[in-house]
Amino acid sequence: KDHKVLFTYGGSLEAPELSREYCVKDLSNEGKWTRFPSHNVRRKSTKSKLSDLFRIKRGLATGNNKFFILSLAKIKELGLPMECFKPIMPSSRYVPTDEVFADYKGRPKLAEKLFLLDTKLTEEKIADRFPALFTYLEAGKANGVSASYLSSRRKPWYSQENRPTAPIYCTYLGRGDKQSKRPFRFIRNHSEALATNVYLALYPTEKISSILGGIDKVWMYLNTIPAEDLLGEGRVYGGGLYKLEPKELGNVPIDADAI
């Protein structure tokens, strides 16, 4: 029971970049060993968790972003109908700030304007009403898009999962190195933009309605959560790349008194 286990990370087996010993007794009470050896053993916390405030889901998986997500310029070039597209958040590198506002059409005010193909119309109706879109779908069939794993399980194959817009998106991957104090970003979304699975979508629970200042105050608090708390719940890959799954983000402790 007093045995100690050596955890190492980085470098080589003989000369690791980081190493630390932990008591078996402590490890038996810790459910997340991927936090070692970068972090200390956590003591049992009585704090609330992020999952108390949000239902957290991974963003949409289209099955083929190149086919289903088009720029506004490309849609116009191909003569496709805008009513069959929904605005979607671009990759975080094209989102320069942590707050995204909407234009008069509900689209995000960003330089990179992307749209997701999503319609429930049958192919017969599309052929009759929107010949250019029908031609585009036929090209997708010829290139095997309709036969891909996700597309083949949707009816129709070019429709997307029914998912509402989230008021907050969290970046999916981040680096927790010395130069990056914020491995993950919480982006306040005022637009109608959906998001792909490069983001986690945060949908408020009823508890947020009782917080003075509502979703905006909670969002500002999220960006003050210590990096160690976020990194401690995630998983790390080679080169210091951290990743957060929905349940892991939900397990991040929060200080309810600070909101």
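A residue is called buried under 20% relative accessible area, exposed over 50% and partly exposed in between (1.4 Å probe, protein chains only). The model is predicted: local features need pLDDT of at least 70, side-chain atom pairs count only at pLDDT 80 or more, and totals for chains, interfaces and linings use all residues. Residues are numbered from 1 along each chain as its sequence is written, and side-chain values use heavy atoms, with hydrogens and water left out.

**Exercise 1.** Classify the pair of Phe68 and Trp157, and place both residues in the chain.

Solution.
- Rings of Phe, Tyr and Trp (its six-membered ring) pair if their centres lie within 6.5 Å; planes under 30 degrees apart are stacked, over 60 edge-to-face, the rest tilted.
- A search of the whole structure gives ten aromatic pairs.
- In one of these, the centres of Phe68 and Trp157 are 6.3 Å apart and the planes make 65°, hence edge-to-face.
- Helices (H or I, at least four residues) and strands (E, at least two) are DSSP runs, numbered from the N terminus.
- Phe68 belongs to helix H2 (residues 65-68), and Trp157 to the loop between helix H5 (131-142) and strand E9 (168-171); 89 residues separate the two, so the pair links distant parts of the chain.
- Trp157 counts as buried because its relative accessible area is 9%; Phe68 is buried too, at 0%.

**Exercise 2.** Find what else surrounds these two rings.

Solution.
- Trp157 also pairs edge-to-face with Tyr158, at 5.5 Å between centres and 80° between planes.
- Tyr158 is buried, with a relative accessible area of 0%.
- Ring pairs join Phe67, Phe68, Tyr136, Trp157 and Tyr158 in a cluster.
- A charge sits over a ring if NZ of Lys or CZ of Arg is within 6 Å of the ring centre and within 35 degrees of the ring normal; Arg154 lies over the face of Phe68, 5.2 Å from the ring centre.

**Exercise 3.** Determine which side of H5 is buried.

Solution.
- The buried residues of H5 are Leu133, Tyr136, Leu137 and Gly140.
- They cover an arc of only 100° around the axis (taken from the directions to the C-beta atoms), so they are on the same side of H5.
- The face turned away from that buried side carries the exposed residues Thr135 and Ala142.
- Cover for the buried residues (contact: heavy atoms within 4.5 Å) includes H2, strand E5 (69-71) and helix H3 (72-78).
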